[in-house]
Structures are given as structure tokens and as C-alpha cells.
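I opened this model to see how its chain is packed. My notes follow in the order I looked things up.

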Amino acid sequence: MKNLKYIFIIIAATLSFNLQANNLNAILDTAAQCYQSSKYEQAIDLYESVLAEGYESAELYYNLGNAYYKSNKFPYAIANYERALKLNSTDEDIIFNLQLANTHVVDKIEVLPEFFLKSWGQSLVRVFTSNQWAIISITSFVIGLILILLFFLSDKPLIRKFTFWIGILLIVEAGFSFSFSDKQKKAILNEPEAIVVTPSVIVKSSPDAMGTELFLIHEGLKIKVTNQNGDWSEIKLSDGNKGWVKTADFVVI
């Protein structure tokens with residue numbers, strides 16, 4: 001009877017999963033049809049409903065970004081293109097549409113110059129997402145271990161030499177990949193990036209309305225969130241300037 005009960009549970013879970021998948025696909029198809037019919041607000045609502053259920057993908061964020069762009073809601077388009085890029089950092093369509101959306105951003109912030117080795121290292125880390133680096137690390141480590149095992153099992157000098165050195169290189173590469181994955185993850189958790197969604201925001205010197213006005217920023221600008229105090233958040237621009245704004249003035253990528 002217990003085995004029969006487990007079988008029923010598995011069948012019920014499978015049917016539930018299939019129904020959810022079918023419902024998800026139906027919503028996405030409807031959203032795509034709304035987009036094609038220029039019903040962009042409806043498409044946005046449908047895509048957002050899918051995200052609210054806990055589903056996410058680069059394609060979903062990309063399509064949502066397109067719907068926001070067509071609705072002239074450029075800050076939200078930029079935010080969703082950035083989210084898509086975090087999941088697929090090499091997609092040319094995402095990169096192009098993000099660049100196109102950024103042409104609507106008023107603020108042109110100069111990036112602080114960095115030592116070229118540090119800049120090169122950060123560019124290398126950003127080649128893949130944190131999850132992709134983690135997968136590369138695990139794959140390299142497993143293949144490296146297999147090659148080291150073949151080194152001990154083989155009695156042919158050429159095979160032993162090849163498997164040993166390639167295995168060592170893969171294990172070292174796995175360590176670097178894990179480090180890159182960890183750096184990306186810590187950067188996201190410690191200083192999450194965000195997009196300003198309020199048309200114009202006065203950045204304050206302290207987390208209160210009476211704080212000194214430091215400078216003005218506009219919607220669509222990409223910022224980093226470095227601290228939080230109640231309804232206020234400390235932000236940092238790419239040129240190094242810092243200040244406090246209302247948390248409601250931006251959305252985290």
C-alpha cells in the first residue's frame with residue numbers, strides 16, 4: 001500500500017508540473033500575441049505575472065524589456081535588459097537593445113579610471129555569469145579528477161604525461177572559475193546594481209528629507225546600492241559620487 005501511495009504522489013506531482021508548464025506556456029504565448037498586436041501594457045502584465053510565480057529566464061526578461069521599451073517606459077526596459085544580461089551575458093540582441101535603451105538616459109556619467117590590470121580582470125570575470133562560472137568550475141574539476149585517475153591507472157608514459165598535466169591544468173582552471181563565480185556573487189550581494197525609475201531625483205547628503213542637496217540624477221541611470229537606512233538607500237555612481245535617495249526611486253536589477 002505504501003508503494004501505491006508513493007506512486008500516486010509521483011503521478012499527482014507530475015500532472016501538477018505539466019499543468020503548470022502548460023499554463024506558463026499559454027501565458028507566454030498570449031503575451032507574445034499581445035506584443036505583436038501592439039498591446040504592450042497587456043504583454044507587460046502577463047510577463048510580470050509569470051515572474052511573480054517565480055519563473056525567470058534571459059528570454060523572459062528580454063521580452064519584458066521590449067514591451068516596456070515599446071511603452072516608452074525606458075527605465076524599466078533598461079532594468080529588464082540588465083536582468084536578462086545577467087543570465088546571458090553574451091546575447092547580442094540583449095546587448096544591442098540595452099545600448100539602444102540607454103540612449104534615452106539623460107545623465108552621462110564618466111567612469112572613474114582604473115589600473116588597466118584591474119579593469120582587464122573585471123572584464124574577464126564578467127565574460128560569464130556567476131552560475132555559468134560555477135558550472136565551468138565543476139565541469140573542469142570533475143574532468144580534471146578523471147584525467148588524474150587515468151594517470152594512475154595507465155601504464156603508458158605518453159598517456160600518463162598527457163593526463164597528468166591536462167588534469168592539473170583543469171583543476172587549477174576550476175579554482176579560477178570558482179573564484180570568478182564567487183566574486184560576481186559577492187558583488188551582487190554586497191553592492192547590488194539598480195536603475196533609477198523616478199524622472200528626476202535629488203541626491204541627499206544624509207538619509208532624510210532635510211539633508212543637504214548634493215546633485216541631481218534622472219531616470220534610467222545605473223547605480224550601485226551601498227547601504228540602507230529605513231526608506232532611504234545610499235547609492236554610488238560610476239564616477240565615485242555618493243549620496244542618499246529614497247529606496248522607491250529605483251529598482252534593483
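I began by fixing a term: a nonpolar core is a set of buried Ala, Val, Leu, Ile, Met, Phe, Trp, Tyr and Cys residues joined through side-chain atoms within 4.5 Å. I also noted that the model is predicted.

**Entry: the cores.** I looked up the largest nonpolar core and found 31 residues in it. Those with the most contacts inside this core are Y47, L64, Y69, I78, Y81, I94 and I195. I then checked which helices feed it: α1 (2–36), α2 (40–52), α3, α4 (74–87) and α5 (92–102) each supply at least two residues. Helix α3 gives the most, with 8 residues. I also found a second, separate core of 12 residues, and V196, L221, V245 and F250 are among them.

**Entry: I94.** I listed what I94 touches, leaving aside neighbours within four places in sequence. The list is A58, Y62, Y81, A84, L85 and N88.

**Entry: helix α3.** Since α3 gives the most to the largest core, I went through this helix next. It covers residues 58–70. I read a span of 18 Å from the first C-alpha of α3 to the last, close to the 18 Å expected for its 13 residues at 1.5 Å a residue. Is α3 mostly covered or mostly open? It is mostly covered, as 10 of its 13 residues are buried. I wrote them down: A58, L60, Y61, Y62, L64, G65, N66, A67, Y68 and Y69. After the helix comes N72, with a positive phi near 65°.

**Entry: N66.** I picked N66, which lies in α3, and asked whether it is buried or exposed. N66 has a relative accessible area of 11%, and the cut-off for buried is under 20%, so N66 counts as buried. Not counting residues up to four places away in sequence, N66 touches Y35, Y81 and N97.

**Entry: a patch outside.** I turned to the surface and found a nonpolar patch made of I138, F141, V142, L145, I146, L149, L150 and L153. Together these residues have about 750 Å² of accessible area. I looked at L150 in particular, which sits in helix α7 (residues 130–153). Its relative accessibility is 39%, between the 20% and 50% limits, so L150 is partly exposed.

**Entry: the whole chain.** I closed with totals. The protein chain has 8 helices and 7 strands. Of its 253 residues, 32% are buried. The accessible surface comes to about 16,000 Å², and 62% of this belongs to carbon and sulfur atoms. Among contacts between residues at least 6 apart in sequence, 54% join residues at least 24 apart.

Note on methods: Residues are numbered from 1 along each chain as its sequence is written. This is a predicted model: local features need pLDDT of at least 70, side-chain atom pairs count only at pLDDT 80 or more; totals for chains, interfaces and linings use all residues. Side-chain values use heavy atoms; hydrogens and water are left out. Patches are made of residues with over 30% relative accessible area and no salt bridge: like charges are joined within 9 Å, nonpolar side chains (Val, Leu, Ile, Met, Phe, Trp, Tyr) within 5 Å. Accessible areas come from the Shrake-Rupley method with a 1.4 Å probe; for residues, only the protein chains shown count as cover. A salt bridge is a side-chain nitrogen of Lys or Arg within 4 Å of a carboxyl oxygen of Asp or Glu. Helices (H or I, at least four residues) and strands (E, at least two) are DSSP runs, numbered from the N terminus. Buried means under 20% relative accessible area, exposed over 50%, partly exposed in between (1.4 Å probe, protein chains only). Contact means heavy atoms within 4.5 Å. The expected span of a helix is 1.5 Å times one less than its number of residues.
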